[in-house]
Amino acid sequence: MECAAGDVTAYITSRGLDPAKMPAHVAIIMDGNGRWATSRGKNRLLGHTQGYHTLKQIVYESNRLGLSCLTVYAFSTENWRRSGDEVGGLMTLMLEAMRAEIEELIQTGIRVRVSGRLAELPQDLREELQAAHHRTQHLPGLIFNLAINYGGRAEVVDAVTAICRKVAEGKLTENDVNEDLIHAHLYSPDLPDPDLLIRTAGELRLSNFLLWETAYSEIYVTPVCWPDFDPDTLVLAISDFQRRTRKFGTVVEEALS
Ligand code: IPE
Ligand code: IPE
Ligand code: MG
């Protein structure tokens, strides 16, 4: 189950990190599975399978580090444009991975959540994800939030649609619309915005990930492809984050060095 607070602090310190400056929410664009595989003369799906093993390590490391939330981009609303073989392979991998991992996730106290348009997923995968959410929602550890069939624009469209419906029903008026109201209609309104956004495999773009929520996230891009990412690379990213000065639009006195 979840470690005692003192154990978490000791672990953070043992990793060379400052317990007082930990991000609460880390979000990751897990990119580069295909390149990792093709550069080795392998099928792209092998890269995704390898990426699953990386993800498993990163989930448990995030829990040991006491993060509140880890959101990972597993499948975008645009990823349906890939070949039927790749899309089908990814859906099967996600289903089998969730079936294989759920008991260990429960034993470790990890809460599984999903962000995205679940209604468009294959029924067996959707039911597996919903069951994982229900079986883990009362646990005390890391919130492991899977962005599947997720698009930042789709999320805003869905929020605006829900608000419009309430206006039509007379439950809200135009004057109620503000940032808090939109935030309250996103997929995971109870989660804090990501403090740190990591992208692997070097691309300098968001690819439609968490467009609203990353307004003030610190961004860390590594050239390492996702299958080669590991707990030490996560610690490096958090260490870099701990050296940033977050300003949120204000003026902050920075020590000259
Ligand atoms: C990320 O790796 C995983 C998914 C998008 C599902 P890619 O499959 O995009 O890997 P590259 O970018 O082609 O190397
Ligand atoms: C973003 O990666 C989606 C996921 C990691 C699931 P992509 O590989 O789909 O992004 P682009 O196409 O390079 O922008
Ligand atoms: Mg990619």
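## L65

L65 is buried, at a relative accessible area of 1%; buried stands for under 20%, exposed for over 50% and partly exposed for what lies in between, with a 1.4 Å probe and protein chains only. This residue belongs to the loop that runs between α3 (44-64) and β2. Helices (H or I, at least four residues) and strands (E, at least two) are DSSP runs, numbered from the N terminus. From L65 to L129, 64 residues apart along the chain, the C-alpha separation is 25 Å.

## Basis of the values

This is a predicted model, in which local features need pLDDT of at least 70 and side-chain atom pairs pLDDT 80 or more, while totals for chains, interfaces and linings use all residues. Residues are numbered from 1 along each chain as its sequence is written, chains are lettered from A and ligands numbered from 1 in the order in which they are written, and side-chain values use heavy atoms, with hydrogens and water left out.

## Surroundings of ligand 1

Ligand 1 has 13 residues around it, of which D31, G34, R35, R44 and R82 come nearest; a residue is near a molecule if one of its heavy atoms lies within 4 Å of it. By class the shell holds three nonpolar, five polar and five charged residues. Ala, Val, Leu, Ile, Met, Phe, Trp, Tyr, Cys and Pro count as nonpolar, Asp, Glu, Lys and Arg as charged, and the others, Gly among them, as polar.

The space that ligand 1 takes is the largest pocket. On a 1 Å grid over the protein atoms alone, a pocket is an open set of points where a 1.4 Å probe fits, with protein on both sides within 12 Å along at least five of seven lines; a molecule sits in a pocket if more than half of its atoms lie within 2 Å of its grid points.

Oxygen atoms of ligand 1 take part in polar contacts, that is, pairs of N or O atoms within 3.5 Å; within protein, one must be able to donate a hydrogen and the other to accept it, and residues adjacent in sequence count only if both atoms are side-chain atoms. A backbone N or O atom is the partner in G32, at 3.4 Å, and in N33, at 3.2 Å. R44 instead offers a polar side-chain atom, at 2.9 Å. On its own ligand 1 has 380 Å² of accessible area, and the protein covers 87% of this; such areas come from the Shrake-Rupley method with a 1.4 Å probe, and for residues only the protein chains shown count as cover.

## Surroundings of ligand 2

The shell around ligand 2 includes I29, M30, D31, Y73, A74, F75 and N79. Strand β2 (residues 69-76) gives the most to this shell, with three residues. Five residues of the shell are nonpolar, two polar and four charged.

Side-chain N or O atoms lie by oxygen atoms of ligand 2 in N79, at 2.9 Å, in R82, at 3.2 Å, and in S207, at 2.6 Å. Ligand 2 exposes 390 Å² when taken alone, and the protein buries 79% of that. The space taken by ligand 2 is also the largest pocket.

## S62 and V177

S62 lies in helix α3 and is buried, with a relative accessible area of 0%. The side chain of S62 reaches the backbone oxygen of I58 at 2.7 Å.

V177 is in the loop between α6 (152-168) and α7 (179-184). With 41% relative accessibility, V177 is partly exposed.

Terms used
On a 1 Å grid over the protein atoms alone, a cavity is a set of points where a 1.4 Å probe fits but cannot get out, and a pocket is an open set with protein on both sides within 12 Å along at least five of seven lines; lining residues have an atom within 4 Å of a point.
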